[in-house]
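Reader: I am new to this structure and would like a close look at one part of it. Please take me through that part slowly, and then show me how the surroundings fit together.

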Amino acid sequence: MEALLASWFASGRIVDAILLLVAVEALALAWIGRRRGLPLPSLLANLASGAALMLALRAALVGAGWIAVAGWMLAGLVAHL
């Protein structure tokens with residue numbers, strides 16, 4: 001089990017799994033928001049910001065250059081603002 005988790009972290013697949021959960025959460029919140037008439041843009045922007053930070057983490061885990069990591073962090077900032 002430890003080797004499996006180590007390989008998931010080394011390859012960045014752990015972040016892919018978390019991003020899949022974030023996508024499911026976004027779909028569920030959009031569905032609930034439509035049924036209740038709630039405004040969703042700020043909530044979805046917050047989820048997009050978190051997803052961009054997770055992609056920055058994935059880029060760092062797989063050894064991408066600093067430009068890729070900084071780019072994803074910048075995307076997270078833009079979505080957060």
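Reader: Leaving aside its neighbours within four places in sequence, which residues is Leu40 in contact with?

Author: In this predicted model, Leu40 is in contact with Leu29, Ala30 and Gly33, once its neighbours within four places in sequence are left aside. Leu40 itself has its place in the loop between α2 and α3, and the residues of α2 run from 13 to 36, while those of α3 run from 41 to 61. Taking one of these contacts, Ala30 and Leu40 are 10 residues apart in sequence, and their C-alpha atoms are 6.8 Å apart in space. Leu40 counts as buried because its relative accessibility is 14%, and buried here means under 20%.

From this loop one can turn to the two helices that it joins. The axes of α2 and α3 come within 10 Å and cross at roughly 170 degrees, and because angles over 145 degrees count as roughly antiparallel, α2 is described as roughly antiparallel to α3. On the side of α2, the contact is made by Ile14, Val15, Asp16, Ile18, Leu19, Val22, Glu25, Ala26 and Leu29; on the side of α3, the residues that make it include Leu43, Leu44, Leu47, Ala51, Met54 and Arg58. Leu29 thus appears in the contact between the helices and also among the residues that Leu40 touches.

Some of these residues belong to the largest nonpolar core, which consists of 5 residues, namely Ile14, Val15, Leu19, Ala51 and Met54. Both α2 and α3 supply at least two residues of this core, and α2 gives the most, with 3 residues. As a general background, nonpolar side chains tend to be buried together in soluble globular proteins.

It remains to set this part within the whole chain. The protein chain has 4 helices and 0 strands, and its elements run α-α-α-α from the N terminus on. Its radius of gyration is 15 Å, well over the 12 Å that the globule rule gives for 81 residues, so the chain is more spread out than a compact globule. Along the principal axes, the C-alpha atoms fill a box of roughly 45 × 30 × 10 Å. Buried residues make up 21% of the 81 residues, and Leu40 counts as buried. Of the contacts with a separation of 6 or more, 54% are between residues 24 or more positions apart. The accessible surface comes to about 5,800 Å², and 73% of it belongs to carbon and sulfur atoms.

Technical notes. Residues are numbered from 1 along each chain as its sequence is written. This is a predicted model: local features need pLDDT of at least 70, side-chain atom pairs count only at pLDDT 80 or more; totals for chains, interfaces and linings use all residues. Side-chain values use heavy atoms; hydrogens and water are left out. The radius of gyration is taken over C-alpha atoms; the globule rule is 2.2 Å times the number of residues to the power 0.38. Buried means under 20% relative accessible area, exposed over 50%, partly exposed in between (1.4 Å probe, protein chains only). Contact means heavy atoms within 4.5 Å. Accessible areas come from the Shrake-Rupley method with a 1.4 Å probe; for residues, only the protein chains shown count as cover. A nonpolar core is a set of buried Ala, Val, Leu, Ile, Met, Phe, Trp, Tyr and Cys residues joined through side-chain atoms within 4.5 Å. Axes are lines fitted to C-alpha atoms, for helices over the stretch in contact, and angles run from 0 to 180 degrees between N-to-C directions. Angles under 35 degrees count as roughly parallel, over 145 as roughly antiparallel, 65 to 115 as roughly perpendicular and the rest as oblique.
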